[in-house]
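Here is a short report on one chain. It covers overall form, surface, and side-chain pairs.

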Amino acid sequence: MNSELVTYVWRWWVEAVGSLGLPLDRQTSAYFMLGLAFYAIGAAYKMLTQKEK
């Protein structure tokens, strides 16, 4: 990945999350939602890989 692609994706993410109308500024909302997305992915992975008891 080059820096132009990363910059484009980040700007797209900030615009997408910023349009949700959260009571934070756009950049903070983007960081918060990115953390939430990674947390959800981790929780889903953990749930899917658990052994049945």
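A residue counts as exposed when its relative accessible area is over 50%, as buried when that area is under 20%, and as partly exposed in between. L20 has a relative accessibility of 53%, so L20 counts as exposed. The model behind these values is predicted.

**Overall form**

The chain has two helices and zero strands. Its radius of gyration is 15 Å, well over the 10 Å that the globule rule gives for 53 residues, so the chain is more spread out than a compact globule. Along the principal axes, the C-alpha atoms fill a box of roughly 45 × 30 × 10 Å. Of the 53 residues, 8% are buried. The accessible surface comes to about 4900 Å². Carbon and sulfur atoms hold 65% of that surface.

Helix α1 covers residues 3–18, and helix α2 covers residues 26–49.

**The loop and the nonpolar patch**

L20 sits in the loop between α1 and α2. L22 lies in the loop between α1 and α2 as well. With a relative accessible area of 34%, L22 falls between the 20% and 50% limits, so L22 is partly exposed.

Which residues make the nonpolar surface patch? They are L20, L22, L24, F32, L36 and Y39. The patch measures about 640 Å².

L22 also has contacts further along the sequence. Leaving out residues up to four places away, L22 touches S29 and M33. G35 is 13 residues from L22 in sequence, and their C-alpha atoms are 15 Å apart in space.

**Aromatic pairs**

There are two aromatic pairs in the structure. In one, the ring centres of W10 and Y31 are 5.0 Å apart. Their planes meet at 40°, which is neither under 30 degrees nor over 60, so the pair is tilted. This pair links distant parts of the chain: W10 is in helix α1, Y31 is in helix α2, and 21 residues separate them. W10 is partly exposed at 23% relative accessible area, whereas Y31 is exposed at 52%.

The other pair is W12 and W13. Their ring centres lie 6.5 Å apart and their planes stand at 45°, so this pair is tilted too. W12 has 51% relative accessibility, which is over 50%, so W12 counts as exposed. W13 has a relative accessible area of 23% and is partly exposed.

**Salt bridge**

How many salt bridges does the count give? The count comes to one salt bridge. R26 forms it with E15, and the closest N and O atoms are 2.7 Å apart. The salt bridge, too, links distant parts of the chain. R26 is in helix α2 and E15 is in helix α1, eleven residues apart.

**Accessibility of the paired residues**

The table collects the values for the side chains in these pairs.

| Residue | Relative accessible area | Class |
|---|---|---|
| W10 | 23% | partly exposed |
| Y31 | 52% | exposed |
| W12 | 51% | exposed |
| W13 | 23% | partly exposed |
| R26 | 40% | partly exposed |
| E15 | 47% | partly exposed |

Why is E15 classed as partly exposed? Its relative accessible area of 47% is not over 50% and not under 20%, so E15 falls in between. R26, at 40%, is placed in its class by that rule.

Note on methods. Residues are numbered from 1 along each chain as its sequence is written. This is a predicted model: local features need pLDDT of at least 70, side-chain atom pairs count only at pLDDT 80 or more; totals for chains, interfaces and linings use all residues. Side-chain values use heavy atoms; hydrogens and water are left out. Rings of Phe, Tyr and Trp (its six-membered ring) pair if their centres lie within 6.5 Å; planes under 30 degrees apart count as stacked, over 60 as edge-to-face and the rest as tilted. Helices (H or I, at least four residues) and strands (E, at least two) are DSSP runs, numbered from the N terminus. Buried means under 20% relative accessible area, exposed over 50%, partly exposed in between (1.4 Å probe, protein chains only). Patches are made of residues with over 30% relative accessible area and no salt bridge: like charges are joined within 9 Å, nonpolar side chains (Val, Leu, Ile, Met, Phe, Trp, Tyr) within 5 Å. Accessible areas come from the Shrake-Rupley method with a 1.4 Å probe; for residues, only the protein chains shown count as cover. A salt bridge is a side-chain nitrogen of Lys or Arg within 4 Å of a carboxyl oxygen of Asp or Glu. The radius of gyration is taken over C-alpha atoms; the globule rule is 2.2 Å times the number of residues to the power 0.38. Contact means heavy atoms within 4.5 Å.
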